[in-house]
Amino acid sequence: MKEIIRLLRIVRPYYWWMLFAAFLGFATIGSGIGLLISSAYILAKAALHPSFQELQLGIVGVKLFGVARGVLRYIERLVSHNTTFKILSRLRVWFYKSVEPLAPARLLQYKSGDLLQRITGDIDTLENLYARVVAPPLTAVMISVLLWVFMGSFSITFSIVLFCFHAAAAAGIPFLTGYLNRGTASQISATQTELQTKTLDCIQGIGDLMLFNRLDEHVKTLHALKSRELKLQRKQALIQRSHESLTGLLMNAAVLALLWVLAPQVSTGAVNGVYTAVIIIAVMASFEAFLPLPDAVQHLEANATAGKRLFEIVDAQPAVTVPESPEPFPESHSIRFQNVSFSYPGTYSAALSNISFTVAEGEKIAIVGPSGAGKSTITSLLLRFWEPLQGSISIGDRNIDRLDPEAIRTNIGLVSQKTYLFGETIRKNLLLAKPDASDGELKDALKSAGLESFAARLDQWAGQHGMNLSGGERQRMAIARVLLQDTPVIILDEATANLDIITGKSVMQQLLKLRGKEQAKTLLVITHRLKDMAQFDRILVLDNGEIREQGSHHDLLKNGGLYASMWSLQHQISPPELINSS
Ligand code: ADP
Ligand code: MG
């Protein structure tokens with residue numbers, strides 16, 4: 001329930017719209033009751049053969065309420081849909097704004113199917129927040145009050161009797177069905193999430209599933225999940241329909257009870273016989289306002305579950321804090337890590353421990369080390385995907401936690417290990433880096449990245465996730481993208497790992513030659529393959545989260561430390577031959 005209150009607080013600007021729409025709903029049902037009352041009045045009166053004059057009032061009522069009901073229903077639909085969409089768009093914007101600071105670090109902990117279900121399914125569930133959860137009880141209350149006043153004008157006893165039945169319909173039965181259906185909506189939501197996740201897994205991994213002969217097994221799991229979902233939905237529908245029948249039963253019981261109270265009063269002449277019909281019809285019609293309540297109970301739980309799942313994400317602490325008023329990005333792009341330590345949440349070993357190094361503007365640095373040494377973590381910290389636990393990182397003598405993360409990312413281009421290409425054309429994938437780039441610029445970037453052949457295929461579809469391209473081509477697309485972005489600092493994280501030796505070498509040559517407007521670009525190349533290392537100004541050797549050595553290729557070989565042994569291992573050369581061959 002507290003989730004519903006929190007959700008309602010978010011849509012506070014639309015309270016008046018909600019109230020207005022609920023009032024229109026009340027007026028519509030009220031007109032319906034008016035129409036039936038007028039008709040009942042005419043019929044009962046006509047049986048007594050009155051003059052036409054005496055029926056006039058009823059006829060006016062039929063005309064008025066008949067027209068009003070149609071017109072009001074139309075306006076009510078218009079206003080309540082408008083309100084629903086306003087609410088939905090506000091919730092969507094709210095959710096997006098809350099999720100954005102969590103990317104990418106905090107979102108890693110969610111499975112993509114789960115995240116998709118929350119972003120689409122759960123938000124869509126909230127579409128019903130107003131129309132099915134908030135509006136029906138409001139309308140029911142207004143109709144009840146109207147009827148109590150109407151009944152009270154005859155006798156207070158009638159009001160009290162009606163009140164008892166209305167209370168049972170509004171609170172008693174919903175409470176009972178709510179109790180019987182407790183947890184069903186959240187179980188349905190959990191099953192749907194699992195189904196979504198498994199379906200996505202099945203589609204994305206269909207190749208592997210077929211290779212290992214596991215497709216049938218996976219499909220069976222999907223079947224089982226779907227039938228669990230259907231079973232739960234059946235249970236929910238059954239209880240809900242029985243709720244509707246119970247409401248009908250209550251309506252008839254209310255009619256009987258009132259007849260029982262009315263009969264003596266009619267026989268004593270305290271109530272005019274004609275009004276008996278009017279009163280009974282009014283009671284029956286008033287229950288129309290209670291019919292949507294079973295749905296409201298069910299949607300209340302579904303909305304609370306959806307809200308809870310959304311708040312779970314929204315309430316996650318971002319991995320980095322963004323300064324309220326960021327300082328301007330420094331002129332100098334020198335980078336400095338000072339005693340930086342970091343470990344990923346939920347892990348015991350440090351990914352980086354007490355790392356210190358500097359990179360001057362225009363320097364070409366290689367960061368090498370075995371897989372898992374912490375090389376990519378350095379990049380994630382520098383780009384502010386994560387925050388160091390200890391120590392500081394600065395760009396141009398300004399601590400990066402005082403800079404706008406977006407400014408950092410527009411100044412430091414990254415080709416990461418995991419290149420993501422969109423299921424779009426090659427051109428659109430490139431334009432991501434520079435939306436206003438001309439075809440000439442695109443072609444130049446492709447050429448520098450060793451993808452001349454793509455220049456003629458700019459409008460070719462890259463496939464879902466870029467799957468129509470080979471691993472090496474995807475990497476070169478990523479390099480072309482970062483070249484278009486034209487940032488003063490470029491980081492390549494294993495960016496040439498999938499390229500053949502000759503292409504890899506020529507791409508690296510192009511990158512090393514890159515110049516910005518005024519000076520050479522700073523280049524940080526992360527690799528575990530020690531090739532062409534002599535071209536770098538300096539090499540940082542990382543192992544187990546620590547910088548073990550740093551220096552030029554020749555110095556490091558001479559030192560005969562970790563670097564030298566890695567180099568000899570990779571080149572199958574014994575240490576004495578090392579220095580001569582390099
Ligand atoms: P490298 O790039 O040198 O191969 P990484 O920087 O990616 O190494 O990883 C360093 C260590 O941190 C590894 O032990 C890895 O398992 C761990 N690690 C990397 N990313 C995560 C993550 N998101 N959550 C938990 N541990 C991680
Ligand atoms: Mg890595």
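**Helices, strands and a metal site**

Author: In this predicted model, the axes of helix α6 (residues 156-180) and helix α9 (residues 215-267) come within 10 Å and cross at roughly 165°. Helices here are DSSP runs of H or I with at least four residues, and strands are runs of E with at least two, numbered from the N terminus. The axes are lines fitted to C-alpha atoms, for helices over the stretch in contact, and angles between N-to-C directions run from 0 to 180 degrees.

Reader: Why are α6 and α9 described as roughly antiparallel or roughly parallel to each other?

Author: The crossing angle of α6 and α9 is roughly 165°, and the term depends on that angle (under 35 degrees is roughly parallel, over 145 roughly antiparallel, 65 to 115 roughly perpendicular and the rest oblique). The two helices are therefore roughly antiparallel. The residues of their contact divide into 19 nonpolar, 5 polar and 1 charged, where Ala, Val, Leu, Ile, Met, Phe, Trp, Tyr, Cys and Pro count as nonpolar, Asp, Glu, Lys and Arg as charged, and the others, Gly among them, as polar.

Reader: What makes Ser376 and Gln417 protein donors of the magnesium ion (ligand 2)?

Author: Ser376 contributes OG and Gln417 contributes OE1, lying 2.0 to 2.4 Å from the ion, and donors are N, O and S atoms within 2.8 Å of the metal (3.2 Å for Na, K and Ca), with water not among the atoms, so sites may look incomplete. Ser376 lies in helix α12 (residues 375-382) and Gln417 in the loop between β6 (412-415) and α14 (426-431), so the pair ties together parts that are 41 residues apart in sequence.

Reader: Is Ser376 counted as buried, partly exposed or exposed, and on what value?

Author: Ser376 has 25% relative accessibility and counts as partly exposed, since buried means under 20% relative accessible area, exposed over 50% and partly exposed in between (1.4 Å probe, protein chains only). Gln417, with a relative accessible area of 45%, is also partly exposed.

Reader: How do you know that β9 and β10 pair?

Author: Strand β9 (residues 538-543) and strand β10 (residues 546-551) are joined in the antiparallel sense by 5 bridges, and two strands pair if DSSP finds at least two bridges between them. Val541 has Glu549 in β10 as its bridge partner, and the two strands form a hairpin with 2 residues between them.

Author: Residues are numbered from 1 along each chain as its sequence is written, and chains are lettered from A and ligands numbered from 1 in the order in which they are written. Local features need pLDDT of at least 70 and side-chain atom pairs count only at pLDDT 80 or more, while totals for chains, interfaces and linings use all residues, and side-chain values use heavy atoms, leaving out hydrogens and water.
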